[in-house]
Amino acid sequence: MTSNNYDLKKFNCAHFVAQWYSEKLNIEIPVIDEFELSFTRWMRKHFTPIDKPEENALVIMISNDASHTGVYADNGVYHNYKPRTKLGSVVHWDLGVVCRNYDEVKFYKWSR
């Protein structure tokens, strides 16, 4: 997996998820211009909601009406995170940390 710093236009959380699925599962996820619209529409067609996380599950994290995405693996969530005042990068948080930082956390399984 390529290690890149967070960049809103070139390597944000959606780019990281697309890269993960491409490199680890050979699944191509389109990241087109506006992440919120293109990815959300595509996700609804290709992922099924699940109640509990499982390896390589897509994770959607919501806080203050903003969405963030990552992948559940190795008993936690990998995501490309940008703190407000520092450079961002891919991090691995356990679910406790994720749930403390986001109001809502949802998991999805690749379905086709």
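This passage describes the sheet, the cores, the turns and the cysteines of a predicted model.

The strands of the model form one open sheet of six members, arranged in the order β1-β6-β2-β3-β4-β5, with antiparallel pairing. At the edges of the sheet lie β1 (47–50) and β5 (89–93), each of which pairs on one side only. On average, and with direction ignored, neighbouring strands of the sheet are turned by 35 degrees against each other. Helix α1 (residues 13–25) packs on this sheet and touches β1, β2, β3 (66–73), β4 (76–81) and β5. The direction of α1 makes about 25 degrees with that of β3.

The pairing can be followed strand by strand. Strand β2 (residues 57–63) runs antiparallel to strand β6 (residues 104–110), and five bridges join the two. Within this pair, Val59 of β2 stands opposite Phe107 in β6. Strand β2 is also joined to β3, again in the antiparallel sense, by seven bridges. Here Ile60 stands opposite Thr69 in β3. Strand β3 in turn pairs with β4 over three bridges, and this pairing is antiparallel as well. Val71 is placed opposite Tyr78 in β4. Of the eight residues of β3, six are buried, so this strand is largely enclosed by the rest of the structure.

Two hairpins occur along this part of the chain. The hairpin of β2 and β3 has two residues between the strands, and Asn64 in this hairpin takes a positive phi near 50 degrees. The hairpin of β3 and β4 likewise has two residues between its strands, and Asp74 in the turn has a positive phi of about 55 degrees. Asn75 is found in the loop between β3 and β4. Although Asn75 is not a glycine, its phi is positive, at about 60 degrees. Asn75 has a relative accessible area of 63% and therefore counts as exposed, since the cut-off for that class is over 50%. A positive phi is also found at Asn56, which is not a glycine either and has a value of about 70 degrees. Asn56 belongs to the loop between β1 and β2.

The nonpolar residues of the interior were examined next. In soluble globular proteins, nonpolar side chains tend to be buried together. In this model the largest nonpolar core has 18 residues. The residues with the most contacts inside this core are Val17, Trp20, Tyr21, Ile29, Met43, Phe47 and Leu58. At least two residues of the core come from each of α1, α2 (35–46), β2 and β3. The greatest contribution is that of α1, which gives five residues. When neighbours within four places in sequence are left aside, Met43 is in contact with Leu58, Ile60 and Tyr108.

A second core, separate from the one just described, has nine residues, including Met61, Tyr72, Val77 and Val98. Val98 lies in helix α3 (residues 95–101). The relative accessibility of Val98 is 0%, and this residue therefore counts as buried. Apart from residues up to four places away in sequence, Val98 touches Met61, Val77, Trp93 and Val105. Among these contacts, Met61 and Val77 are also named members of the second core. The C-alpha atoms of Val98 and Gly76 are 8.6 Å apart in space, while the two residues are 22 residues apart in sequence.

The cysteines were considered last. The count of disulfides comes to zero. The sulfur of Cys13 has its closest cysteine sulfur in Cys99, at 17 Å, which is too far for a bond, because a disulfide requires the two sulfur atoms to be within 2.5 Å. Cys99 is accordingly in no disulfide, the nearest cysteine sulfur being that of Cys13, 17 Å away. The accessibility classes of these cysteines were also assigned. Cys13 has a relative accessibility of 7% and so counts as buried, because the limit for that class is under 20%. Cys99, with a relative accessibility of 49%, counts as partly exposed.

Methods: Residues are numbered from 1 along each chain as its sequence is written. This is a predicted model: local features need pLDDT of at least 70, side-chain atom pairs count only at pLDDT 80 or more; totals for chains, interfaces and linings use all residues. Side-chain values use heavy atoms; hydrogens and water are left out. Two strands pair if DSSP finds at least two bridges between them. Helices (H or I, at least four residues) and strands (E, at least two) are DSSP runs, numbered from the N terminus. Axes are lines fitted to C-alpha atoms, for helices over the stretch in contact, and angles run from 0 to 180 degrees between N-to-C directions. Contact means heavy atoms within 4.5 Å. A nonpolar core is a set of buried Ala, Val, Leu, Ile, Met, Phe, Trp, Tyr and Cys residues joined through side-chain atoms within 4.5 Å. Buried means under 20% relative accessible area, exposed over 50%, partly exposed in between (1.4 Å probe, protein chains only).
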